[in-house]
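Grab a pencil and work through the exercises below. Try each task yourself before you read the solution.

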Amino acid sequence: MSQLPGSCGYPIFGDKSVEFYRDPELFITTKISETSSKVFLTRLVNTPTIFVCSHQETTEILYEKSRDFDHGYREFLYNSYGDNLLFENGEAAKLLRNCLTPIFTNITQYESSIEEFFGKFFENFPPNGELVNVYEEFKSLMTKFCLKFFLGFSDTSSERSKSISELATLHWHGIISLPVSVKIPFAGQSGWSKAIEAKEKLLIHIRKMIAAEKNNSSSKLDASVSKNDAYVNPNKSNVIQQMLQAPFMNRDKNMEQHILLFISSLIPKAFSSIITSFILEMAAKERANLRESAALDSQLLSRILLEVQRLWPPFLGGRRIANKDTTIGGYKIPKGYAVIYVSYFAHRDKNVFKNPDEFNPDRWLNQGNTISANSIFTFGGGERVCIGHRLIQYILQRLTKTLLEKFTWEIDGDVNNTKKYKLLPVARPTELPCVRFHNKI
Ligand code: HEM
């Protein structure tokens, strides 16, 4: 067993959280070069922390050795989110996954409501042919989608949904980034208490919607929920109905806490990050033919989306805590040490991806290739893979296909700026790009 390269220094004085958060990419590349290793030890949030930036060792954490590690998010996010799957391990996590995974596995049951939602969006897009700040536009779209999909709002422009979106933003400002995070509150103490207040208000809305849905099943609407806001068709497949039928140990609490996670800003930001990266990668004039072909070929579009998710994963990676003495890549990992797998770097590991910085959808062509969709960690992997990944892949395909079919687009301003990304808390270009869309004739 080898000793870990790097050092975790003395408690408090040796802490590198500020350096890491200031510029994670620079921090990691500097450490890799100092230690000549893609697996190195440092100290973050005053915990000895091992960064894993190679593909092989990330696979080991997520697959073969996943049971040697617990999730490492509780100390950062529990106060903001309360009890949910993210903070559970072992048997408790398995039980929750058994309840939640089936709800998001068979996406065909939601096809018509997804179709209706995005169909409506494209009736008025782009707004008056103006420049579009794509990151903000798609974040706002997905915020509305999450309200409809997870909470059952039929009118996502009602006053009530606006107020919930505002609460979700306040809630976010008190949250520390996920999955890789350091404890740097965004808005100081007052931001934090406002966030906790927002969380309580969100939970009140969520409880009302669950109550209304319970009543809907027996064909009665909760009097406190206006008709505009509630599901109009109680027979339609919806997430709350599915959750009401899932075998949760503590149904009401489990439901409300998970819906809180699903309607928080995390999902809209992560989704918009991928769509923005897609639009930017495909904007170049020399990609015009690729755009045309992908509009007609869903396999090619899937490969393009894989390549976008490889190069620009919304989350830098994930955090774990060793629950026993173990090893990764032959290095000794003592119990209690934190481990951060860094998808952004593992996705650019040249041992797995030839010319890793190159955008090359053809690398995913199945020619006896050793790589598959499981070779990227944009949605984690193994037993704790994201439960929403199928849903997101479905929506990504739906949305990008329509963009390619209906529009051409160009970036307003310096194209080179679009390659500079801020990686935390959710990756996005440092300067949010504006894009001009043109209707295809
Ligand atoms: C673009 C959108 C999304 C991205 C990039 C994303 C990414 C991720 C990643 C990387 C993980 C694994 C973290 C780890 O290994 O520690 C994860 C877990 C999770 N995701 Fe997502 N996710 C997205 C959307 C969703 C949606 C729509 C849902 C709800 C249906 C969801 C629910 C969850 C849950 C509950 C977990 C925890 C799973 C567990 O711990 O067993 N995510 N997600």
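**Exercise 1: Two unusual prolines**

Pro 425 sits in the loop between β10 (421-422) and β11 (428-429). Keep in mind that you're looking at a predicted model.

Task: Describe the peptide bond that joins Leu 424 and Pro 425, then do the same for the bond from Phe 125 to Pro 126.

Solution, step by step:
- Start with Leu 424 and Pro 425: omega is about -5°, and the bond is cis.
- Go on to Phe 125 and Pro 126: this peptide bond is cis too, with omega near -5°.
- Now place Pro 126: look in the loop between α6 (111-123) and β4 (132-133).
- Why bother picking these out? Most peptide bonds are trans.

**Exercise 2: Positive phi**

Task: Find the sign of phi for Asn 46 and for Asn 355, and decide how exposed Asn 46 and Asn 355 are.

Solution, step by step:
- Asn 46 has a phi near 60°, which is positive even though the residue isn't glycine.
- You'll find Asn 46 in the loop between β1 and β2.
- With a relative accessible area of 32%, Asn 46 is partly exposed, because that class runs between 20% and 50%.
- Asn 355 has a positive phi as well, near 40°, and belongs to the loop between α15 and α16.
- At 44% relative accessible area, Asn 355 is also partly exposed.
- For background, most residues other than glycine have a negative phi.

**Exercise 3: Holding the iron**

Task: Which protein atom is the donor to the iron atom of the ligand, and how far away is it?

Solution, step by step:
- Look around the iron: the protein supplies a single donor, SG of Cys 386, at 2.3 Å.
- Then trace Cys 386 along the chain: it's in the loop between α15 (343-346) and α16 (389-406).

**Exercise 4: Sorting ring pairs**

Task: Classify the ring pair Phe 40 and Phe 51, then the pair Tyr 344 and Phe 345.

Solution, step by step:
- First, the total: there are 28 aromatic pairs.
- In one of them, the Phe 40 and Phe 51 rings have centres 5.3 Å apart and planes at 10°, so this pair is stacked. The cut-off used here is planes under 30 degrees apart.
- Phe 40 is in strand β1 (residues 39-44) and Phe 51 is in strand β2 (residues 47-52), so to speak 11 residues apart along the chain.
- Both count as buried: Phe 40 has 0% relative accessibility, and Phe 51 has 0% as well.
- Tyr 344 and Phe 345 are edge-to-face, with 5.5 Å from centre to centre and 70° between the planes.
- Tyr 344 is buried at 6%, and Phe 345 is buried at 14% relative accessible area.

**Exercise 5: Charges over rings**

Task: Which ring does the charged end of Arg 291 sit over, and which one does Arg 348 lie over?

Solution, step by step:
- For Arg 291, the answer is the ring of Trp 409, with the charged end 5.7 Å from the ring centre.
- For Arg 348, pick the face of Trp 312, where the distance to the ring centre is 4.9 Å.

**Exercise 6: A nonpolar patch**

Task: Which residues make the nonpolar surface patch of about 480 Å², and is Ile 12 buried or exposed?

Solution, step by step:
- The patch is made by Tyr 10, Ile 12 and Phe 13.
- Ile 12 comes in the segment before α1 (17-22).
- Its relative accessible area is 62%, so Ile 12 is exposed.

Technical notes. Residues numbered from 1 in each chain as written. Predicted model: local features only at pLDDT ≥ 70, side-chain atom pairs only at ≥ 80, totals over all residues. Heavy atoms only, no water. Donors = N, O, S within 2.8 Å, 3.2 Å for Na, K, Ca; no water. Helix = DSSP H or I, 4+ residues; strand = E, 2+ residues; numbered from the N terminus. Phe/Tyr/Trp six-rings, centres within 6.5 Å; stacked < 30°, edge-to-face > 60°. Buried < 20%, exposed > 50% of the residue type's maximum accessible area, 1.4 Å probe, protein only. Lys NZ or Arg CZ within 6 Å of the ring centre and 35° of its normal. Patch = residues over 30% accessible without salt bridge, like charges linked within 9 Å, V, L, I, M, F, W, Y side chains within 5 Å. Areas by Shrake-Rupley, 256 points an atom, 1.4 Å probe, with all protein chains shown as cover. Salt bridge = Lys/Arg side-chain N within 4 Å of Asp/Glu carboxyl O.
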